[in-house]
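This briefing is intended for a reader meeting the structure below for the first time. It proceeds from the chain as a whole to particular residues.

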Amino acid sequence: MTIDAPPPERGTQTSTVKPTTQSFAQVQQSAEFGELRRTYRSFAFPLTVAFIAWYLLYVLLSNYAGGFMGTKLFGNINVALVFGLAQFLTTFLIAWFYSRHAAAKLDPKAEAIKSRMEADA
């Protein structure tokens, strides 16, 4: 993770003017914020459902298809071990994919909203 700006020095204060509750409510009702939410949800919900389905498949196969999961692929490596390791791999892939998605699509929109709110405060 890279940080674009160094942290503020000790004793320095950041802006003390904060947006009001009303300005937060206005932003929440804006089309721009709605687009940000839609962009997030269109990524997060399908991947969450897919990963849960993949995990449940692994659990169900482990419980009800012991013969299949015990099938040796090579040496002492069986299908269950490969599926179990694939769970870790998909977790890391989803995290990496989300990081790229957030940096490309979510962060610029969120930063624009934040900058506009700070300017209006």
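Among contacts in the protein chain between residues at least 6 apart in sequence, 62% join residues at least 24 apart. The model is a predicted one. The protein chain has 121 residues, of which buried residues make up 15%. It contains 4 helices and 2 strands, and from the N terminus on these elements follow the order α-α-α-β-β-α.

**Nonpolar cores**

- The largest nonpolar core consists of 6 residues, namely Val27, Leu36, Ala102, Leu106, Ile113 and Met117. Helix H4 supplies the largest share of this core, with 4 residues.
- A second core, separate from that one, has 5 residues, including Leu61, Met69, Val79 and Phe83.
- In soluble globular proteins, nonpolar side chains tend to be buried together.
- Methionine 117, a member of the largest core, is in contact with Pro19, Ser23, Phe24 and Val27 when its neighbours within four places in sequence are left aside. Of these partners, Val27 also belongs to the largest core.

**The largest pocket**

- The largest pocket holds about 170 Å³ of space.
- Its lining is formed by 12 residues, and those nearest the centre of the pocket are Ser23, Val27, Arg116, Met117 and Asp120.
- Two or more lining residues are given by each of helix H1 (21–29) and helix H4. The largest share of the lining, 4 residues, comes from H4.
- By character, the lining residues divide into 5 nonpolar, 4 polar and 3 charged.
- Val27 and Met117 are among the residues nearest the pocket centre, and both are also listed in the largest nonpolar core.

**Two buried residues in helices**

- Glutamine 87 is located in helix H4, which spans residues 79–120. Glutamine 87 counts as buried because its relative accessible area is 8%, and the cut-off for buried is under 20%.
- Apart from residues up to four places away in sequence, glutamine 87 touches Phe51, Trp54, Tyr55 and Tyr58.
- Threonine 39 belongs to helix H2, which covers residues 31–64. Its relative accessible area is 8%, so threonine 39 is likewise buried.
- The side chain of threonine 39 reaches the backbone oxygen of glutamate 35 at 2.8 Å.
- Not counting residues up to four places away in sequence, threonine 39 touches His101, Lys105, Leu106 and Lys109. Among these, Leu106 is a residue of the largest nonpolar core.

**The two strands**

- Strand S1 comprises residues 72–74 and includes leucine 73. Lysine 72 is another residue of strand S1. Strand S2 comprises residues 77–78 and includes asparagine 78.
- Is lysine 72 buried or exposed? With a relative accessibility of 55%, lysine 72 counts as exposed, because the cut-off for exposed is over 50%.
- Leucine 73 has a relative accessible area of 45% and is therefore partly exposed. Asparagine 78 is also partly exposed, with a relative accessible area of 22%.
- Which residues does lysine 72 touch, not counting residues up to four places away in sequence? These are Ile77 and Asn78.
- The side chains of lysine 72 and asparagine 76 are joined by a polar contact of 3.3 Å.
- Beyond residues up to four places away in sequence, leucine 73 touches Asn78, Val79 and Val82. Val79 is one of the residues included in the second nonpolar core.
- With residues up to four places away in sequence left out, asparagine 78 touches Met69, Gly70, Thr71, Lys72 and Leu73. Of these, Met69 is included in the second nonpolar core.
- The C-alpha atoms of asparagine 78 and phenylalanine 68 are separated by 9.0 Å, and the two residues are 10 residues apart along the chain.

Technical notes. Residues numbered from 1 in each chain as written. Predicted model: local features only at pLDDT ≥ 70, side-chain atom pairs only at ≥ 80, totals over all residues. Heavy atoms only, no water. Buried < 20%, exposed > 50% of the residue type's maximum accessible area, 1.4 Å probe, protein only. Contact = heavy atoms within 4.5 Å. Core = buried A, V, L, I, M, F, W, Y, C linked by side-chain atoms within 4.5 Å. 1 Å grid on protein atoms, 1.4 Å probe; cavity = no way out; pocket = protein on both sides within 12 Å on 5 of 7 lines; lining within 4 Å. Points joined across faces, edges and corners; volume = space filled by probe spheres on them. Nonpolar A, V, L, I, M, F, W, Y, C, P; charged D, E, K, R; others polar. Polar contact = N/O pair within 3.5 Å; in protein donor to acceptor, adjacent residues only side chain to side chain.
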